[in-house]
2 protein chains.
Amino acid sequence: MSIGIRRRADERRRMTVGMKGIRRLAQHLDISIGTVSRALNGKPDVNEETRKRVLEAATELGYVPNQSGRSLRQGTTNIIGFMMQTGTEITGQGDIFFMSVFDGVQAVFARHKLDLVALLCSSQEDPNDYLRRVVARGFADGLILSATQRDDPRIEFLAERNIPFVTLGRSLTDAGQPWLDLDFEGMAQASIDRLVARGHRRIAITRPHDDVNLGYIFVDRCRRALAAHGLTLEEDLIFRSTPNEAGGYQIARDLLALEEPPTAIVLINETIAIGFYQALSEAGVKPGRDIAVIGRYSPHAHFLSPPLTCFRLSLRDLGIALAETLLSAMPAFKDHYPDAPANKVWPMELVEGESDSFLVPQH
Amino acid sequence: MSIGIRRRADERRRMTVGMKGIRRLAQHLDISIGTVSRALNGKPDVNEETRKRVLEAATELGYVPNQSGRSLRQGTTNIIGFMMQTGTEITGQGDIFFMSVFDGVQAVFARHKLDLVALLCSSQEDPNDYLRRVVARGFADGLILSATQRDDPRIEFLAERNIPFVTLGRSLTDAGQPWLDLDFEGMAQASIDRLVARGHRRIAITRPHDDVNLGYIFVDRCRRALAAHGLTLEEDLIFRSTPNEAGGYQIARDLLALEEPPTAIVLINETIAIGFYQALSEAGVKPGRDIAVIGRYSPHAHFLSPPLTCFRLSLRDLGIALAETLLSAMPAFKDHYPDAPANKVWPMELVEGESDSFLVPQH
DNA sequence: CATAGTTCCGTAAACGTTTACGGTAGCCAA
DNA sequence: TTGGCTACCGTAAACGTTTACGGAACTATG
């Protein structure tokens with residue numbers, strides 16, 4: 001080792017005292033920041049001995065690479081955003097719906113060192129503005145959109161900018177984007193067929209907020225399924241409400257107040273069954289005896305009395321599929337998921353309860 | 001305008017075609033990037049005429065400043081992270097719980113152009129590792145921690161690094177950090193007093209996962225409250241379970257199987273009441289008649305039959321308080337919140353139902 | 001006319017990384 | 001000795017912003 005080198009090292013140490021980040025680490029080890037970076041990132045051009053020293057020093061000094069610096073240079077953040085709206089009850093997905101989906105998404109992302117964050121759009125802010133503000137900044141490498149609307153400007157916005165994304169829910173806006181959706185058509189068809197087979201002729205349904213596309217899909221399919229049996233979907237048997245317990249309560253009250261109440265109903269949201277049951281109970285009407293009820297699975301559905309006949313799906317698997325579909329749309333990962341479907345209607349499984357187990361006497 | 005300037009402008013335009021970001025905007029307007037930046041950020045040293053031009057061009061070209069570049073320079077991200085765990089059911093607090101809290105937090109953050117994102121720690125990963133990995137990168141300017149543990153290493157970690165944060169939930173780990181917590185002591189005291197006043201002597205309680213501190217707080221206060229009435233908290237009347245519907249179901253089964261069941265129970269989690277009610281119902285035991293039940297408010301509680309006597313709080317207000325307490329710990333904002341409390345026990349309000357409305361006959 | 005002050009703008013450094021490029025030392029073969 | 005190869009490392013540019021600094025043009029004041 002020449003004197004020249006040693007002097008330079010001493011000089012560097014003196015000049016860099018109090019430095020931060022990778023420079024501090026380099027100074028501490030008396031090597032260049034380039035080598036430190038390569039060592040930390042597993043690049044080949046570095047002696048295994050020095051790599052070991054670097055890694056040890058990194059944990060010792062508690063060094064963590066700065067996110068902004070890294071992503072500024074690389075143009076990538078290793079972050080995927082899941083956009084969702086807070087405060088509102090537009091989606092009506094309660095309890096641990098999202099938590100379970102997240103769990104599946106993360107199971108896939110963990111393989112690629114990707115982090116999932118939830119981008120929380122306030123109910124006070126327009127989702128499109130939010131998207132522009134937060135996302136177009138280069139915040140995330142990819143996006144998962146929930147609460148997809150029937151016409152959703154976010155889709156065009158992202159497609160134009162070539163930001164990889166997948167939507168949870170179909171939209172009329174078509175930019176060739178990947179999407180996953182629950183099989184509300186299958187649910188509609190199976191529910192109607194099942195109820196008609198048991199003799200029901202006056203069948204009511206619920207529909208969610210006008211913005212969300214699933215309402216149209218569901219209502220339309222119900223109408224067609226009924227038509228196939230020679231029946232019509234009557235307009236006053238389509239109930240709207242907030243997608244929560246109180247909404248379900250109100251629906252039952254309205255339904256019972258009808259001159260000629262329906263003998264069956266299909267509930268599109270998860271949580272409304274609770275309020276619906278309660279209002280029936282107060283009126284002395286029992287599901288499965290006086291009226292047939294079909295709904296969606298939720299952790300409570302199992303504990304309703306009588307047990308709710310409902311459609312269930314694995315939210316964790318849905319999350320996995322969402323992640324794989326998104327990654328297959330990202331150049332950096334697409335090779336890992338050659339046969340992830342770009343669009344998929346996710347099936348739901350019928351869980352037989354007792355809430356629809358009676359036959360309507362035929363006249 | 002001199003020829004020199006015009007030539008330079010032409011040259012710049014030619015050289016910068018295809019540029020991105022603020023450079024592209026500057027080139028388009030034929031002014032320097034410094035001026036563009038000042039104009040966009042509302043700095044004083046810029047002509048109002050040019051500022052107007054810049055803003056117009058920005059929206060026209062859809063320019064959004066790059067997050068990494070900005071925060072690299074400023075050392076600030078304008079992002080606050082709310083750390084929560086996915087997939088697990090440790091807290092037993094579902095989506096609705098957090099959504100409502102978020103809504104309050106955002107109401108405050110909106111005033112300061114701060115964005116809230118949820119940092120989702122996978123159930124597969126240790127929360128401490130997660131914190132180091134994601135947060136120490138300089139990802140967020142401040143943090144809100146949920147699912148605070150009895151001994152929580154995250155607190156020391158953040159305190160050492162001077163990262164502003166507030167925890168939702170007390171911890172034994174004390175680094176002088178701000179925290180907010182629900183008043184489980186008040187709930188314990190009021191519940192016990194209420195039940196004892198109605199003649200109950202054998203009172204059961206539930207407790208959550210051992211990691212979370214509230215279990216200790218709650219159990220301890222119940223014990224002391226009982227002692228004040230000359231009663232003891234029997235060990236086999238302390239029930240543990242997963243904090244969900246199924247857990248509540250199991251508790252009821254276990255409770256009814258006791259040789260001498262208690263005449264009252266206090267449920268610490270929100271969702272367990274549903275399963276608890278169901279198991280009682282199956283056994284022909286009616287809350288409010290055969291056993292007294294006190295629980296926590298949830299949107300379902302109102303629709304249980306008979307209505308659950310429970311403790312409620314405004315989650316939105318809690319979110320507001322969380323935000324204000326956090327901001328008062330951040331140098332850049334503390335002046336706005338001079339009297340936000342650093343620590344606060346958040347009160348809960350008793351909602352009288354019918355689930356505990358009976359008197360135990362005295363012997 | 002000289003000076004000082006104001007208004008506005010351009011220049012360039014800085015933030016913390018990653019990485020293309022070049023260079024040195026050692027080794028081996030011709 | 002020369003040349004080439006390998007293994008490793010240092011240098012410096014680049015990513016997209018913000019901002020301290022200085023300077024030009026103009027106005028006001030003496």
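**Note on the A–B interface and DNA strand C**

1. A:D115 and B:R133 form a salt bridge, with their closest N and O atoms 2.8 Å apart. The model is predicted. Between chain A and chain B the count is two salt bridges. Polar contacts across this interface come to 18 residue pairs, both residues at pLDDT 80 or more.

2. On the chain A side, β2(A) gives the most to the surface touching chain B, with seven residues. Other elements that each supply at least two residues include α6 (97-109), α7 (127-135) and α11 (245-256) of chain A. By class, this side divides into 26 nonpolar, 18 polar and eight charged residues.

3. β2(A) also pairs with strand β2 (residues 115-121) of chain B. The sense is antiparallel, over three bridges. Here A:V117 stands opposite B:L119 in β2(B).

4. Now the extent of the interface. Contact involves 52 residues of chain A and 52 residues of chain B. The two chains bury about 4,500 Å² between them, 56% of it on carbon and sulfur atoms. A:M99, A:R137 and A:F303 lose the most area in chain A, together 18% of what that side buries.

5. DNA strand C has 29 residues around it; A:I22, A:S37, A:K43, A:R73 and B:T35 come nearest. Sugar and phosphate make up 59% of the strand's atoms that come within 4 Å of the protein. The surface near the strand holds eight nonpolar, 12 polar and nine charged residues.

6. Which parts of the strand are approached? A polar backbone atom of A:I22 is 2.7 Å from a phosphate oxygen. The side chain of B:T50 has an N or O atom 3.2 Å from a phosphate oxygen. B:R38 places a polar side-chain atom 3.0 Å from a base oxygen.

How values were computed:
Residues numbered from 1 in each chain as written. Chains lettered and ligands numbered in written order. Predicted model: local features only at pLDDT ≥ 70, side-chain atom pairs only at ≥ 80, totals over all residues. Heavy atoms only, no water. Near = heavy atom within 4 Å. Polar contact = N/O pair within 3.5 Å; in protein donor to acceptor, adjacent residues only side chain to side chain. Nonpolar A, V, L, I, M, F, W, Y, C, P; charged D, E, K, R; others polar. Contact = heavy atoms within 4.5 Å. Buried area = accessible area lost by both parts, 1.4 Å probe. Salt bridge = Lys/Arg side-chain N within 4 Å of Asp/Glu carboxyl O. Helix = DSSP H or I, 4+ residues; strand = E, 2+ residues; numbered from the N terminus. Pairing = 2+ DSSP bridges.
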